[in-house]
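Q: Please take a close look at one part of this model, the pocket, and then set it beside the cores and the cavities. Plain terms will do.

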Amino acid sequence: MTTLLIDLGNTALKWTTPEEADTPHTVVHYGSTQGKDELYRNWLALRPSRVIGCTVASPTLAFSATKFFNDHGIPWEWVRSESAHEAEDFTLTNAYERTGQLGPDRWYAAIGALSLFRGTPLLVVHAGTATTVDSVFQTGDGEYRFMGGRIAPGPALMHKALISAVPTLDSGLTEHKDFPLCSSDAITTGIIDAQVGLITQAYESMCEAGQRPKIILAGGSSRFLAPRLRALHPTLIVRHNLVLGGLAQKARESKR
């Protein structure tokens, strides 16, 4: 029996099985259903017995996929955030004021991070279309609490907003410079410093609360942030596909 895991984000769809959560297939969609026929053929070839998916965007594609599963009699579940997740060796409780308002991608990324790194508080960062920075407190032996976090435009969205508002600044992203001497470097440095500052502020807030976290960075824009962030936080860990890791954890737990 094969479980199909799906992470449907703003820009890309990733799919895999629990055994290969670290090496997913990726389809860049930008909200379009173009190319879905090939995708669905690949899913049929997998012959899944069930689907566990996380979607926070692209309702058209999510609806299309759901119809495909129904048409082929494949049981599916689009997950939601929970008040708590009880795994075999850890428990994560949700401190969000309204549990249903928390994006399931953030919740399952935290679960995925905990499935890999336990025994310490975590700061789970995903840099994509949006940058999310979420705090996971350690409250006891095997006990953790999701304490919410910060959301900001991701690096590419920051860049797009800036050049849309000020067309004379139109330039591509380059690399961080301590002393930028051209507009493209100045824009890139400003964006990276804004992102790293957001993450560092969250880190310091956790430290002030007595929780010195391990920083876990994921997402397509992490390559822009990792060098500067690692210079300030040498123990930074870059680990992608955290949402799929969380879904894989759910799949394993449901078989217990």
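A: The answer starts with the pocket, then turns to the cores, the cavities and two loop residues.

The model is predicted, so local features need pLDDT of at least 70 and side-chain atom pairs pLDDT 80 or more, while totals for chains, interfaces and linings use all residues. Residues are numbered from 1 along each chain as its sequence is written, and side-chain values use heavy atoms, without hydrogens and water.

The protein chain has 7 helices and 12 strands (DSSP runs, of at least four residues for H or I and at least two for E, numbered from the N terminus). Of its 256 residues, 48% count as buried (under 20% relative accessible area with a 1.4 Å probe, protein chains only; exposed is over 50%, partly exposed in between).

The largest pocket has a volume of about 1,100 Å³. A pocket is an open set of points on a 1 Å grid over the protein atoms alone where a 1.4 Å probe fits, with protein on both sides within 12 Å along at least five of seven lines; a cavity is a set from which the probe cannot get out, and lining residues have an atom within 4 Å of a point. Points are joined across faces, edges and corners, and a volume is the space filled by probe spheres set on them. The lining of this pocket counts 38 residues, and Thr11, His126, Ala127, Gly128 and Thr129 lie nearest the centre. Two or more lining residues come from each of strands E1 (3–8), E2 (12–16), E8 (122–127) and E9 (130–140), and from each of helices H3 (104–116), H4 (155–165), H6 (222–232) and H7 (242–254). By class, the lining has 16 nonpolar, 15 polar and 7 charged residues (Ala, Val, Leu, Ile, Met, Phe, Trp, Tyr, Cys and Pro are nonpolar, Asp, Glu, Lys and Arg charged, the others polar).

Next come the nonpolar cores (sets of buried Ala, Val, Leu, Ile, Met, Phe, Trp, Tyr and Cys joined through side-chain atoms within 4.5 Å). The largest core has 30 residues, and Leu92, Leu122, Val136 and Leu247 touch the most other members. At least two of its residues come from each of E4 (50–55), H3, E8, E10 (143–153), E11 (214–218) and H7, with H3 giving the most, 7 residues. Leaving aside neighbours within four places in sequence, Leu122 is in contact (heavy atoms within 4.5 Å) with residues including Ala113, Leu114, Phe117, Val136 and Ile216. A second, separate core of 19 residues includes Leu123, Ile199, Tyr203 and Leu217.

The structure also holds 2 cavities of 30 Å³ or more. The second largest has a volume of about 30 Å³, and its lining is Pro155, Leu173, Thr188, Ile191, Ile192 and Phe224. Helix H5 (183–208) supplies 3 of these residues, the largest share. The lining divides into 5 nonpolar, 1 polar and no charged residues.

Two loop residues remain. Most residues other than glycine have a negative phi. Arg47, in the loop between H1 (36–46) and E4, has a positive phi near 55 degrees. Asn241, in the loop between E12 (237–238) and H7, has a positive phi near 60 degrees. Arg47 counts as exposed because its relative accessibility is 71%, whereas Asn241 counts as buried because its value is 14%.
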